[in-house]
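I opened this notebook to keep track of what I look up in one protein model. The entries follow the order in which I checked things.

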Amino acid sequence: MGNFPKSLYLCTQKDKRMRKYILADNQEITRFALESLIRQKGENDILRATDKAGLVQLLKEHENAVVLLDYTLFDFADEEQLLIVAERFSLSEWILFSDELTPQFLRRVVYSSHQFSIVFKDGPLKDIRDALDAVNRHNRHISQRALEVIISQQQEDEEHPSILTETETEIVRAIAQGKTTKEIANERFSSVHTITTHRKNIFRKLGINTAHEVIKYALRAGLVDSSEFYI
């Protein structure tokens, strides 16, 4: 073991023995392929989750698990909910393995937490192998395609800056549809305080003071149709 501390070495070996892989992917063919790749690496502790509730329950039992998640086919409401679960189980590591992920989603997840690796399903097989190798070393792997998407979106944002963030835009739409702060908070699995803070930032950025002015902005910006609310 050289100069490697014995206690740390034993802890690392224990972590390797006890670590589980949770497949949170509802495509049978994909699950079979992922299981095969994991077993090729000598790992056999593979569990399955079919929905968010089942995934959370497995993470309660195995907090340091590696989660392979198809976000687009799972029942997470948005990236904020995903980040909350990951933060709750801070010892877990995630490989997001999906067909299509938006630039906004990629940037939010990558910049918010180091727990996530990103791989596209239609990418080369080497990507998922590299991601599995990376998480085994407690590192993360962002595929080249994901990096290019993030960089491209960042350059576009710099050239055409948006007044509101994606979350703020969604909240503007909800306000224009007549939803209360509490209703918006419940829908987004956020606290009332968080939504109130977003509202204040929206009002400040738009230079407005009332919900009625938010509705007029939403109409002008094409965020809602006039049939969605009553003035």
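Before listing who meets whom, I fix the term: contact means heavy atoms within 4.5 Å. I also note at the start that this is a predicted model.

**Entry 1: overview**

I began with the secondary structure and found 11 helices and 5 strands in the protein. I then looked up burial, and buried residues make up 43% of the 231 residues. Next I took the contacts between residues at least 6 apart in sequence, and 64% of these join residues at least 24 apart.

**Entry 2: α8 and α10**

I asked which residues of α8 meet α10. On the α8 side I found Thr167, Glu168, Ile171, Val172 and Ile175. On the α10 side I listed Ile195, His198, Arg199, Asn201, Ile202 and Lys205. Sorted by class, this contact has 5 nonpolar, 3 polar and 3 charged residues.

For the geometry, I noted that α8 spans residues 166–176 and α10 spans residues 192–206. Their axes cross at roughly 95° and come within 10 Å. An angle from 65 to 115 degrees counts as roughly perpendicular, so α8 and α10 are roughly perpendicular to each other.

**Entry 3: Glu168**

I stayed with one residue of that contact. Is Glu168 buried or exposed? Its relative accessible area is 4%, and the cut-off for buried is under 20%, so Glu168 is buried. Leaving out residues up to four places away in sequence, I found that Glu168 touches Ile163, His198, Asn201, Ile202 and Lys205. Among them, His198, Asn201, Ile202 and Lys205 are on the α10 side of the contact I listed above.

**Entry 4: α8 and α11**

I then turned to another partner of α8, helix α11, which covers residues 211–220. The two pack at an angle of about 110°, with axes 9 Å apart. That makes α8 roughly perpendicular to α11. I recorded the crossing as left-handed. From α8 the contact uses Val172, Ile175 and Ala176. From α11 it uses Ala211, Val214, Ile215, Tyr217 and Ala218. By class I noted 8 nonpolar residues, no polar and no charged ones. Val172 and Ile175 appear here and also in the contact with α10.

**Entry 5: α2 and α6**

What is the angle between α2 and α6? Helix α2 (residues 28–40) and helix α6 (residues 125–136) pack at about 50°, and their axes are 11 Å apart. I therefore put them down as oblique to each other. Their crossing is right-handed. The α2 residues in the contact are Leu34, Leu37, Ile38 and Gln40. The α6 residues are Leu125, Ile128, Arg129 and Leu132. The class count for this contact is 6 nonpolar, 1 polar and 1 charged.

**Entry 6: the buried face of α3**

I looked up which residues are buried in helix α3 (residues 52–61), and found Leu55, Val56, Leu58 and Leu59. Seen down the axis of α3, these buried residues fall within an arc of 160°, so they line one face of the helix. As background, an α-helix has 3.6 residues a turn, so residues three or four places apart point the same way. I then checked what the buried residues of α3 pack against. The strands are β1 (21–24), β2 (46–48), β3 (66–69) and β4 (93–98), and the helix is α4 (79–88).

**Entry 7: Leu83**

I followed α4 to one of its residues, Leu83. Leu83 is buried, with a relative accessible area of 12%. Leaving out residues up to four places away in sequence, Leu83 touches Arg108, Val109, Ser112, Ser113 and Phe116. I took one of these further: Ser112 is 29 residues from Leu83 along the chain, and their C-alpha atoms are separated by 7.8 Å.

**Entry 8: positive phi**

Last, I looked at two residues for their backbone angles. His138 is not a glycine, yet has a positive phi of about 60°. I located His138 in the loop between α6 and α7 (144–159). At 45% relative accessibility, His138 counts as partly exposed.

Where does Phe189 lie? I found Phe189 in the loop between α9 (181–187) and α10. Phe189 is not a glycine either, and its phi is positive at about 55°. With 47% relative accessibility, I entered Phe189 as partly exposed.

Definitions and conventions. Residues are numbered from 1 along each chain as its sequence is written. This is a predicted model: local features need pLDDT of at least 70, side-chain atom pairs count only at pLDDT 80 or more; totals for chains, interfaces and linings use all residues. Side-chain values use heavy atoms; hydrogens and water are left out. Buried means under 20% relative accessible area, exposed over 50%, partly exposed in between (1.4 Å probe, protein chains only). Helices (H or I, at least four residues) and strands (E, at least two) are DSSP runs, numbered from the N terminus. The arc is that of the directions from the helix axis to the C-beta atoms. Axes are lines fitted to C-alpha atoms, for helices over the stretch in contact, and angles run from 0 to 180 degrees between N-to-C directions. Angles under 35 degrees count as roughly parallel, over 145 as roughly antiparallel, 65 to 115 as roughly perpendicular and the rest as oblique. A crossing is left-handed if the near helix is turned anticlockwise from the far one by less than a right angle, and right-handed if clockwise. Ala, Val, Leu, Ile, Met, Phe, Trp, Tyr, Cys and Pro count as nonpolar, Asp, Glu, Lys and Arg as charged, and the others, Gly among them, as polar.
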